[in-house]
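Dear colleague,

I am handing over the structure we spoke of, and below it you will find what I found in it. Please read the notes with the coordinates open beside them.

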Amino acid sequence: MDDGHAAHNGRVMMNDVLIKYDELGRLVTRLAAIIEEFENAGDRSDLIRDAIGKPWDRRELPDKAGESESRWDYKRGRLVESLSTIHEAADGLHKSFEQFDEEAASKFESGEQPPKS
């Protein structure tokens, strides 16, 4: 194709990049699971502080754990934003390829010319 994109054996190719359709689908699913895990990780921060308690009746350790968790919350939030952007792009590509494949199969079965990608 003129734009550097081609479909070959269920794979999307773009200038020497080859991605299997099924692998792209697994990537979308796994990214969604990772994002959900990170989003729910903050719910466990109180459990960590409760588990630490107040050793020797002092607050230094739980306070430090709380500070660390606050920093990680911020970094985790930024990571979720980045992963969400990647997830949206991968999901969009997966859905577009699926739609093209369905349209091409339908046209092929009816004897029409397949759609141009």
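A salt bridge is taken here as a side-chain nitrogen of Lys or Arg within 4 Å of a carboxyl oxygen of Asp or Glu. By that criterion Lys-64 forms a salt bridge with Glu-67, since the closest N and O atoms of the two are 3.8 Å apart. Please keep in mind throughout that this is a predicted model.

To set the scene, the protein chain contains 3 helices and 3 strands, and from the N terminus on its elements follow the order β-β-β-α-α-α. Of the 117 residues in the protein chain, 20% are buried.

Salt bridges

The structure holds 5 salt bridges. The general background is that side chains of opposite charge can pair when their charged atoms come close.

Returning to the pair above, Lys-64 and Glu-67 both lie in helix H3, which covers residues 60–110, and they are 3 residues apart, about one turn of the helix. Lys-64 counts as exposed, at 54% relative accessibility, whereas Glu-67 is partly exposed, with a relative accessible area of 39%.

Further along helix H3, the side chains of Lys-95 and Asp-91 meet in a salt bridge with an N to O distance of 3.1 Å, and these two residues are 4 residues apart, again about one turn of the helix. Here the partners fall into separate classes of accessibility: Lys-95 is partly exposed, with a relative accessible area of 48%, while Asp-91 counts as buried because its relative accessibility is 18% and the cut-off for buried is under 20%.

Arg-59 and Asp-63 also meet through their side chains in a salt bridge, at 3.1 Å from N to O. Arg-59 is partly exposed, with a relative accessible area of 42%, and Asp-63 is likewise partly exposed, at 37%. In addition, Glu-69, Asp-73 and Arg-76 are linked in a network of salt bridges.

A patch of negative charge

Where on the chain does negative charge gather in a patch on the surface? The residues concerned are Glu-98, Asp-101, Glu-102 and Glu-103. Asp-101 has its place in helix H3, and at 46% relative accessibility Asp-101 counts as partly exposed.

The helices

Helix H3 has 51 residues and reaches 73 Å from its first C-alpha to its last, which is close to the 75 Å expected at 1.5 Å a residue. Just after H3, Gly-111 takes a positive phi of about 85°.

For helix H1, residues 21–41, the 21 residues should span 30 Å at 1.5 Å a residue, and the end C-alpha atoms are indeed 30 Å apart, so the two values agree. The buried residues of H1 are Tyr-21, Leu-24, Gly-25, Val-28, Leu-31, Ile-35 and Ala-41. For Ala-41, which lies in helix H1, the relative accessibility is 13%, and this residue therefore counts as buried.

Lastly, the C-alpha atoms of Ala-41 and Asp-73 are separated by 8.6 Å, although the two residues are 32 residues apart along the chain. Asp-73 is one of the residues in the salt-bridge network described above, together with Glu-69 and Arg-76.

With best wishes

Definitions and conventions
Residues are numbered from 1 along each chain as its sequence is written. This is a predicted model: local features need pLDDT of at least 70, side-chain atom pairs count only at pLDDT 80 or more; totals for chains, interfaces and linings use all residues. Side-chain values use heavy atoms; hydrogens and water are left out. Buried means under 20% relative accessible area, exposed over 50%, partly exposed in between (1.4 Å probe, protein chains only). Patches are made of residues with over 30% relative accessible area and no salt bridge: like charges are joined within 9 Å, nonpolar side chains (Val, Leu, Ile, Met, Phe, Trp, Tyr) within 5 Å. Accessible areas come from the Shrake-Rupley method with a 1.4 Å probe; for residues, only the protein chains shown count as cover. Lys and Arg count as positive and Asp and Glu as negative; His and the chain ends are not counted. The place of a charge is taken as NZ of Lys, CZ of Arg, CG of Asp or CD of Glu. The expected span of a helix is 1.5 Å times one less than its number of residues.
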